[in-house]
Amino acid sequence: MRHFWKRIGGAGGLLLGWLLSLALVAHSQPGSPPAQAPAPAPAQAVGVATLVPPPATVALAEPFTLAFRLQGVPLAGHSAFPDIEGFRKGKLITTKTTRLLPGSVRRTELTVTQQYLPYTEGDYVVPAFSLTVNGQVLRSPGGRVQVGAGPLDLTGAPPGASVGVLDQLLGKPKPKYFYEPPDAAFLVLEADHKQVYVGQGVHVSLYFYLKPADQAVLNFYDFNNQLTELLRQLRQPTTWEVPAPDPSALPDTVRQAGGQVLLRFRLAAGTYYPLTAQDLQFPALSLTMTKFKLLKKPEPGDNERLAIYKTYAAAPLRVSVRALPAPGGVPVGDYVLHEGVSGTRFRTGEAFTYTFGVEGAGNPATLAPPLARPRAGLELFGPDIRDETLPDGRFRKSFRYRLVAHRPGPLALDSLWQLPFFNPQTARYDTLRPELRLVVSGADRPTPLASATDDPFYGQALARADARLQPLDVYAQVGRYAAVLLATLLVVAVVGWWRAG
């Protein structure tokens, strides 16, 4: 009996399993209503890529960033970020963030950030660009970014500056991980003369020298505001100042006595012509630069820098000024005369031109036209003045006269013009005199005088002229008449307005 029930139990189990299989097959047939709806599985998020709005302003020591964010799907690939003029591409940082949403749903966000390191301060244009992320094209209209330099603390981050993605992940840069590389930069105030006379020009320049390798760790900070203050300190109230042209943004390459090659930036320059015998005193000047500390143990491709301030000082400069010996009162400079005349034959009654040209080093503004001495039988017109700057820094100033001789014979031009001056190179007075000797040929032609018979218009105008004397206060009378007329018009206007009302 026991074995019989065991067989029945086994057969029953087989039968029960067969019946359950039939029930499942019937449940899977179309049109069969489900016995119970299973719990829905969490829906898979659709991958969407978006651009992250870039910052509008960044500090000089802070990278500018362009980034995109991808949600829901892994990153299969993306195109390169654009190049921006005025910036150097830095690190490409990938940040992955997982968020837990209600309903036990997890959402993964992937942010890819391209850092751009600015070279200097200024307002830069971010061009329009497009990125392709997982086949999706993201377009940006571009914009502008302002790079400024705010005060930095010892942590290397400007107060109030935005915190970048790298700072969020790794924290602020720590000064102990950076070191300050040495530099050979210096600021100097140079003059081409240590002693000058009153009226003699001295050229003063403010230079910033550095080695070519120092360009990687030094940058100008708030240069426009600093330059304004430097120019104010360079002013000399007792001089005639002629500022130099705006300096070039590119430095000069100079070689020192020992053979060392340096780059030289000319920050400011000018020529000073003392008006009194008071010495020129230029104060000590200072220039603040942005200097970058470097990582002590950088990783491959790591270019993190910590910006600090460093101030360079130029020693004060003094230029002594000597008074001119008696009698004084003449232009000061090193001048030579270049003269010229039109033509080779000169006849009475015919006009010709003569040019009195002064060339040299000095203040051209103090060179007035030489006074021409009057001479009978010679008409002189002019001068026409022309200034010209020569490539070597000297100048040429020309005075062009027009002459008409009415008497024949020799014409000594040195009897007409002379220009005395003081030469600071020889510490002596000198005079520029013409050396040309002209001979005028032809008949004697007296200087014509205007007459009514020769000029019909002159006679007609003279006949119509009023010979009566006019009072000296005629203009005051006209003013009184005008005042009376205006008062009359005002009374008429008031009366008309009163009647209309």
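These legends accompany several close-up views of a predicted model.

**View 1. Four strands join in an open sheet.** Let us start with the sheet, whose strands follow the order S22-S24-S26-S25. The pairing is antiparallel. Strand S22 (333-341) and strand S25 (378-389) stand at the edges with a single partner strand each, so one side of each has no neighbour in the sheet. From one strand to the next, the twist averages 20°.

**View 2. Strands S25 and S26 run alongside each other in the antiparallel sense.** Here we move in on one pair of strands from the sheet, S25 and S26, which are joined over 10 bridges. Look for Thr389, which stands opposite Phe395 in S26. The side chains also take part: Arg400 and Asp384 meet in a salt bridge, at 3.9 Å from N to O. Arg400 belongs to strand S26 and Asp384 to strand S25, so this pair ties together parts that are 16 residues apart in sequence. Arg400 counts as partly exposed because its relative accessibility is 42%.

**View 3. Arg394 and Asp392 form a salt bridge.** The closest N and O atoms of Arg394 and Asp392 are 3.9 Å apart. How exposed is each partner? Arg394 is partly exposed, with a relative accessible area of 26%, while Asp392 counts as exposed at 55% relative accessibility. The cut-off for exposed is over 50%, so Asp392 with its 55% falls in that class.

**View 4. Pro408 sits in a loop between two strands.** The loop in this view links strand S26 (395-405) to strand S27 (409-412). Pro408 has a relative accessibility of 40% and therefore counts as partly exposed. Which residues touch Pro408, leaving aside its neighbours within four places in sequence? The contacts are Thr348, Val440, Ser441, Gly442, Ala443 and Asp444. You can also find Arg445 here: Pro408 and Arg445 are 37 residues apart in sequence, and their C-alpha atoms are 8.7 Å apart in space.

**View 5. Glu229 and Arg232 meet in a salt bridge within helix H3.** Helix H3 covers residues 223-234 and holds both partners. Glu229 and Arg232 are 3 residues apart, about one turn of the helix. Their side chains come to 2.5 Å, N to O. Both ends of the bridge can be placed by their accessibility: Glu229 is partly exposed, with a relative accessible area of 34%, and Arg232 counts as partly exposed at 45%.

**View 6. Glu180, Asp183, Lys291 and Lys310 are linked by salt bridges.** In this view, the four residues make up a network. For context, the structure holds 14 salt bridges.

**View 7. Trp240, Val242 and Leu275 make a nonpolar patch on the surface.** Our last stop is this patch, with an area of about 280 Å². Where does Leu275 lie? Leu275 is found in the loop between strand S17 (261-274) and strand S18 (280-282). At 53% relative accessibility, Leu275 counts as exposed. Residues in such a patch need over 30% relative accessible area, and Leu275 has 53%.

Methods
Residues numbered from 1 in each chain as written. Predicted model: local features only at pLDDT ≥ 70, side-chain atom pairs only at ≥ 80, totals over all residues. Heavy atoms only, no water. Patch = residues over 30% accessible without salt bridge, like charges linked within 9 Å, V, L, I, M, F, W, Y side chains within 5 Å. Areas by Shrake-Rupley, 256 points an atom, 1.4 Å probe, with all protein chains shown as cover. Buried < 20%, exposed > 50% of the residue type's maximum accessible area, 1.4 Å probe, protein only. Contact = heavy atoms within 4.5 Å. Pairing = 2+ DSSP bridges. Axes fitted to C-alpha atoms, helices over the stretch in contact; angles between N-to-C directions.
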